[in-house]
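Here's a quick briefing to read with the model open in your viewer. Keep the sequence handy too, since the notes hop back and forth along the chain.

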Amino acid sequence: MQNYPGRRSGSEPVTARSDLKLRLLLAVVFTPLFAAATIAFAFWAAGADDGDALGPGVLMILAVVCGLLTVTAAVDLVVVARRRRRET
């Protein structure tokens, strides 16, 4: 028997939902952490030269990755807050 989209496979709950409290906690913790890491890597890259263990290019890549993680965590924070507000 094949699994078709929208058809239950058997063991998942009918009303499976995300743990909004945990997502909110993670977003609240990691948004400022990733933002601080973005700023730190950007300043480190600005002062780095090619003789450093990590070159400025690698540090800028780390800053961009942390910036993307900051945006992702902030968007998730907004989504979770909106869903929690809608449920009450």
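What follows starts with the overall fold and then goes through individual residues by topic.

Bear in mind that this is a predicted model. The protein chain has 2 helices and 0 strands, and the buried residues of α2 pack against α1. One salt bridge turns up in the count, and there's a nonpolar surface patch of about 510 Å² to look at as well.

**The chain as a whole**

- Of the 88 residues in the protein chain, 15% count as buried.
- The exposed surface of the protein chain comes to about 6800 Å², with carbon and sulfur atoms supplying 67% of it.
- If you take the contacts in the protein chain with a separation of 6 or more, 63% of them are between residues 24 or more positions apart.

**The two helices**

- Helix α1 covers residues 20-47, while helix α2 covers residues 56-87.
- How far does α2 reach from its first C-alpha to its last? The span is 46 Å for 32 residues, close to the 46 Å expected at 1.5 Å a residue.
- The buried residues of α2 are L59, A63, C66, G67, T70, A73 and V80, and they pack against α1.

**Threonines and a phenylalanine on α1**

- T31 sits in helix α1 and counts as buried, because its relative accessibility is 15% and the cut-off for buried is under 20%.
- Leaving out residues up to four places away in sequence, T31 touches T70, A73 and A74. Two of these partners, T70 and A73, are on the list of buried α2 residues.
- F34 is another helix α1 residue, and with the same kind of sequence neighbours left out (up to four places away), F34 touches C66, L69 and T70.
- The C-alpha atoms of F34 and A73 are 8.5 Å apart, with their positions 39 residues apart along the chain.
- T38 also lies in helix α1. Which backbone atom does the side chain of T38 reach? It's the backbone oxygen of F34, at 2.8 Å.
- Across to other parts of the sequence, T38 touches A63, C66, G67 and T70, again not counting residues up to four places away.
- T70 is worth clicking on: it appears among the contacts of T31, of F34 and of T38.

**The salt bridge**

- Which residue does D76 form a salt bridge with? The partner is R23, and the closest N and O atoms are 2.3 Å apart.
- D76 belongs to helix α2 and R23 to helix α1, so this pair ties together parts that are 53 residues apart in sequence.
- As background, side chains of opposite charge can pair when their charged atoms come close.
- Is D76 buried or exposed? Neither, quite: D76 counts as partly exposed because its relative accessibility is 22%, and buried would need under 20%.

**The nonpolar patch**

- L22, L25, L26, V29, F30 and L33 make up the nonpolar surface patch, which covers about 510 Å².
- L22 lies in helix α1 and is partly exposed, with a relative accessible area of 41%.
- V29 has its place in helix α1 too, and V29 is partly exposed at a relative accessible area of 42%.
- The C-alpha atoms of V29 and A73 are separated by 9.1 Å, although the two residues are 44 positions apart along the chain.

**An exposed spot on α2**

- T72 is found in helix α2 and counts as exposed, because its relative accessibility is 52% and exposed means over 50%.
- From T72 to T31 the C-alpha separation is 8.3 Å, with the two residues 41 positions apart along the chain.
- Put those two side by side in your viewer: T72 counts as exposed, whereas T31 counts as buried.

How values were computed
Residues are numbered from 1 along each chain as its sequence is written. This is a predicted model: local features need pLDDT of at least 70, side-chain atom pairs count only at pLDDT 80 or more; totals for chains, interfaces and linings use all residues. Side-chain values use heavy atoms; hydrogens and water are left out. Helices (H or I, at least four residues) and strands (E, at least two) are DSSP runs, numbered from the N terminus. Buried means under 20% relative accessible area, exposed over 50%, partly exposed in between (1.4 Å probe, protein chains only). Contact means heavy atoms within 4.5 Å. A salt bridge is a side-chain nitrogen of Lys or Arg within 4 Å of a carboxyl oxygen of Asp or Glu. Patches are made of residues with over 30% relative accessible area and no salt bridge: like charges are joined within 9 Å, nonpolar side chains (Val, Leu, Ile, Met, Phe, Trp, Tyr) within 5 Å. Accessible areas come from the Shrake-Rupley method with a 1.4 Å probe; for residues, only the protein chains shown count as cover. A polar contact is a pair of N or O atoms within 3.5 Å; within protein, one must be able to donate a hydrogen and the other to accept it, and residues adjacent in sequence count only if both atoms are side-chain atoms. The expected span of a helix is 1.5 Å times one less than its number of residues.
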